[in-house]
Amino acid sequence: MIIVMASRNEEDIQRVVSKIERYGYRAHLIHGKEKTVVAAVGDERGKARLQVLESLPGVESVLPILKPFKLAGRELHPEKTVVRVGDVEIGGDEVVVFAGPCSVESREQLMDVAAHVSEAGAKILRGGAFKPRTSPYSFQGLAEEGLELLAEARERTGLLVVTEVLSEHDVPLVGQYTDIFQVGARNMQNYALLKSLGQLRKPVFLKRGIMATVREFLMSAEYLLSNGNYDVILCERGIRTFETETRATLDLNAVPVIRSLSHLPIVVDPSHGTGRWELVLPMSRAAIAAGADGVMVEVHCKPAEAFSDGYQSLTCENFERLVRELVPVAEAVGRSL
Ligand code: PEP
Ligand code: MN
């Protein structure tokens, strides 16, 4: 339920919050430009009881939230969310570029690529230390050593770091090093992981599962928000269809669809979305034109030698070109880059 406040009086708001909590619901406060609203989120059964809050001082109305994604949806939160990490804003006017290798492989590889992408204009360095590989015989990542290298690259370049956390057991370890937790496509519906990340106050980069609908995607975001973590960045990374020319089908419909349903920022990953490096530039252009708040691309200084996803990785030179070519696209849709 949404409790729309007529006043911004702290005492009135607190009275509503305690009443909500007494009924066993969680209260989420949203201070909008026009009004303050309190969302009572929890067990759907018996929520009608909350209607009595209408009689409390300072309350304007009590309304049901119609969509299933109560906190991720626009109903409660019409204004766009801007996720702030360090001095970077995701979801603001600027289109943010996330770039780096698929996997952290060695100090030399990571420092080299980090220096290049930073120079070319990336704001956030990506790179997996824990890799979710289809085969158990494929490179699984450098684990903590990889995290240390990411932290070293941040020191050297000033880039922020995003890296994947595969299991809730690794959350404390990964959290010591990363600025943003990445939840990969395979883990989009790992609810234990989402609940544990929901308890923290560190941004989460949530990738869409390859078989997930937009609604399921937003319900996964809801796990993070309902546990109290509002800093969620969504990422469209392609879904599985009957098409075999590309590794996945990059669902750019999802960008304006999510934009209309949710206030959360949405980033597009055309590297995993296509699986082919030569498609990354055209699909990045398309993503920004469709309204994406950022792009995440894989970059490797020697793609032919990459431990994972070399065929979809841009060379450092091609990455520089990508950023140059995306600037006018961003400007054409009223954004900067
Ligand atoms: C990745 O970004 O390294 C990755 C494994 O992507 P996804 O979870 O989208 O497959
Ligand atoms: Mn990859």
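Asp309 is found in the loop that runs between β14 (294-298) and α10 (316-332). Keep in mind that this is a predicted model. Phi of Asp309 sits near 55°, a positive value in a residue other than glycine. Is Asp309 buried or exposed? Asp309 is buried, with a relative accessible area of 8%, and that label applies because buried means under 20%.

Ala143 is another residue to check on a Ramachandran plot. Ala143 has a positive phi of about 55°, although it is not a glycine. Its place is the loop between β8 (124-126) and α3 (144-157). Ala143 comes out as partly exposed, at a relative accessible area of 27%.

Now to the ligand. Which residues are around ligand 1? Going along the chain, they are Arg126, Lys131, Pro132, Glu164, Gln182, Gly184, Ala185, Arg186, Lys207, Arg237, His272 and Glu298. Sorted by class, that shell has seven charged, three polar and two nonpolar residues. Two names from the shell tie back to the strands above: Arg126 is around ligand 1 and β8 covers 124-126, while Glu298 is around ligand 1 and β14 covers 294-298.

Oxygen atoms of ligand 1 pair up with the protein in several places. An N or O atom in the side chain of Arg126 is 2.7 Å from one ligand oxygen. Gln182 also uses its side chain, with a polar atom 2.9 Å from an oxygen atom of ligand 1. With Ala185 it's the backbone that takes part: an N or O atom there lies 2.7 Å from a ligand oxygen. As for how covered the ligand is, ligand 1 taken alone exposes 290 Å², and the protein buries 97% of that.

Zooming out, the protein chain is divided into domain 1 (2-63) and domain 2 (83-332). How far apart do the C-alpha centres of domain 1 and domain 2 lie? The distance between those centres is 36 Å.

Tyr23 is a handy marker for the N-terminal part of the chain: it lies in the loop between α1 (10-22) and β2 (26-31). Leaving out residues up to four places away in sequence, Tyr23 touches Arg49, Leu50 and Val52. Tyr23 is partly exposed, with a relative accessible area of 26%. From Tyr23 to Ile239 it's 216 residues in sequence and 40 Å in space, C-alpha to C-alpha.

Thr274 belongs to helix α8 (residues 270-274). Its side chain reaches the backbone nitrogen of Arg276 at 3.2 Å. Beyond four places away in sequence, Thr274 touches Thr246, Arg247, Ala248, Leu279, Val280 and Met283. His272, one of the residues around ligand 1, falls in the range of that helix, 270-274.

Ala330 lies in helix α10. Ala330 and Gly294 are 36 residues apart in sequence, yet 10.0 Å apart in space, C-alpha to C-alpha. With residues up to four places away in sequence set aside, Ala330 touches Val95, Ile288, Arg335, Ser336 and Leu337.

Here are the accessibility values for residues discussed above.

| Residue | Relative accessible area | Label |
|---|---|---|
| Tyr23 | 26% | partly exposed |
| Ala143 | 27% | partly exposed |
| Thr274 | 4% | buried |
| Asp309 | 8% | buried |
| Ala330 | 0% | buried |

Technical notes:
Residues are numbered from 1 along each chain as its sequence is written. Chains are lettered from A and ligands numbered from 1 in the order in which they are written. This is a predicted model: local features need pLDDT of at least 70, side-chain atom pairs count only at pLDDT 80 or more; totals for chains, interfaces and linings use all residues. Side-chain values use heavy atoms; hydrogens and water are left out. A residue is near a molecule or strand if one of its heavy atoms lies within 4 Å of it. A polar contact is a pair of N or O atoms within 3.5 Å; within protein, one must be able to donate a hydrogen and the other to accept it, and residues adjacent in sequence count only if both atoms are side-chain atoms. Accessible areas come from the Shrake-Rupley method with a 1.4 Å probe; for residues, only the protein chains shown count as cover. Ala, Val, Leu, Ile, Met, Phe, Trp, Tyr, Cys and Pro count as nonpolar, Asp, Glu, Lys and Arg as charged, and the others, Gly among them, as polar. Helices (H or I, at least four residues) and strands (E, at least two) are DSSP runs, numbered from the N terminus. Buried means under 20% relative accessible area, exposed over 50%, partly exposed in between (1.4 Å probe, protein chains only). Contact means heavy atoms within 4.5 Å. Domain bounds come from an automatic or database domain assignment.
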